[in-house]
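Trainee: I've got this model open and I'd like a close look at one part of it. Could you take me through a single residue and then place it in the wider chain?

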Amino acid sequence: MGRNTEAATIVAASLLATFGVALVNFANGGSVDAQTGLTFMVFLLAFGSLYGALRVFAPNATPLLLPPVVALVALGFFEIYRLDPTRAGLQRWWMLIAAAVASLVLFLLSRTSTSVLRRYRYLILFVSVGLLLLPNLPSTWGFPLRGLEVNGSRLWIVLDLGFTEMQFQPAELAKLGIVIFFAAYLADHQRALREAHRRVGPFRFPEPRQLIPLLLVWGASIFILVWQRDLGASLLLFVGFVLLLYAATGSTGYLIAGGLMTFTGAAAAATLFDHVQRRMIAWLAPFEHFEDEGYQIVQGIFALGTGSLSGAGPGLGRPDLIPNAATDFIFAAVGEELGLAGTVAILALYAIVVAVGLGIAFRSRDTFRKLLAAGLTFVMAVQVFLITGGVLRIVPLTGITLPFMSYGGSALVGNLVLIALLLRISHEEAA
């Protein structure tokens with residue numbers, strides 16, 4: 001795929017979002033209106049500007065990464081518009097902001113390189129931990145910035161601008177910073193972690209002095225997230241950490257130990273936290289608890305079943321019956337209105353993004369860039385698996401959102417920055 005084809009696919013994805021909004025209007029008895037034209041203009045402005053920044057600041061980057069991302073944003077957007085037009089209006093603003101931030105990242109890295117991230121890894125770690133702690137700011141201290149608790153989890157910060165308030169989830173950016181630190185640390189200590197081992201019976205373990213700093217950072221991050229009851233993000237960070245260790249060392253022992261620790265941690269969380277217990281009940285026996293814990297999952301299953309092969313059509317289903325459909329369950333909402341064909345297409349688009357991301361990692365000659373590309377791809381892939389697996393009852397629900405598709409500005413900003421980092425790594429390795 002060349003650059004012109006890449007541009008054409010971005011325009012096609014913009015038309016897809018526009019066509020979806022028009023179909024929703026027709027289904028509700030409306031017509032092509034200002035919302036339809038505004039959607040096309042915002043998509044072209046947001047992703048056209050990001051494409052322009054890519055041509056200027058990372059011209060050698062792979063052209064295979066941005067088009068599927070824009071297509072996922074388009075599919076998610078017209079479903080958000082179908083569920084809540086007000087939220088769709090906010091999501092359009094967040095698209096512009098996210099594209100601007102991603103373009104800024106490409107510009108800043110073009111003046112140096114991604115190696116600057118390795119050089120300032122401890123500063124990035126410090127800022128990331130600070131971002132994780134921000135939601136704990138008291139809500140009554142009289143400052144425009146304060147923490148916000150939603151559904152028992154303290155994940156949000158609110159910026160009071162006087163005429164309006166902006167909500168943001170800082171963990172979306174913090175997780176990228178922590179992945180950067182992990183990649184930098186593992187790049188510095190890769191040989192020691194591979195070669196220096198202690199044997200305990202048939203098992204081999206790295207020297208403790210090599211792992212202790214890494215474990216301390218990981219443990220502190222997990223503690224903060226669990227303390228704030230952001231268990232989905234803590235699981236995401238842990239699994240990404242284990243996969244990155246495996247990528248750096250090639251030792252399957254990390255995968256086995258990580259799996260055992262995951263099951264142990266899940267059992268402990270189910271014992272200690274009431275909302276985790278409710279999610280376990282909803283996962284194991286949703287129909288027996290249809291009126292309470294299992295209601296959301298059962299409605300999602302009904303939606304997917306109703307969608308059949310080709311779906312009811314945009315605007316013709318009842319995804320509004322699913323609680324939090326625009327955030328946690330947008331995969332089920334799309335499945336009802338686009339059917340099995342639509343959900344398979346979505347999973348195929350994610351598979352393309354993951355394959356391209358891992359391809360960037362495999363082709364990278366620099367160890368830090370290789371591990372950074374792998375870590376960023378792992379984080380996104382695990383997030384997709386956790387939320388789609390939760391909707392399909394493969395794993396319990398974790399409360400995280402579907403990348404690029406779910407409503408949420410902070411998630412969109414964080415994920416587009418992730419894509420910008422992958423594109424810049426691809427450019428540097430191809431140069």
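Mentor: Sure. One term up front: a residue counts as buried when its relative accessible area is under 20%, and as exposed when that value is over 50%. Keep in mind that this is a predicted model. By that cut-off, 54% of the chain's 431 residues are buried.

Let's zoom in on Ser103, which sits in helix α4, the stretch covering residues 85-110. Ser103 counts as buried because its relative accessibility is 14%. What does Ser103 touch, leaving aside residues up to four places away in sequence? The partners are Ser49, Leu50, Ala53 and Phe57.

Now zoom out. The chain has 15 helices and five strands. If you take contacts between residues at least 6 apart in sequence, 69% of them join residues at least 24 apart. As for the surface, about 18800 Å² is exposed, and carbon and sulfur atoms supply 66% of that.

Then there's the interior. The largest nonpolar core holds 121 residues, and those touching the most other members are Phe43, Phe47, Leu117, Leu372, Phe404, Met405 and Ile419. Take Leu117 from that group: setting aside residues up to four places away in sequence, Leu117 touches Leu109, Ile124, Ile180, Phe368, Leu372 and Leu421. Apart from this largest core lies another one, made of five residues, including Ala269, Ala270, Phe273 and Val276. As background, nonpolar side chains tend to be buried together in soluble globular proteins.

Notes:
Residues numbered from 1 in each chain as written. Predicted model: local features only at pLDDT ≥ 70, side-chain atom pairs only at ≥ 80, totals over all residues. Heavy atoms only, no water. Helix = DSSP H or I, 4+ residues; strand = E, 2+ residues; numbered from the N terminus. Buried < 20%, exposed > 50% of the residue type's maximum accessible area, 1.4 Å probe, protein only. Contact = heavy atoms within 4.5 Å. Areas by Shrake-Rupley, 256 points an atom, 1.4 Å probe, with all protein chains shown as cover. Core = buried A, V, L, I, M, F, W, Y, C linked by side-chain atoms within 4.5 Å.
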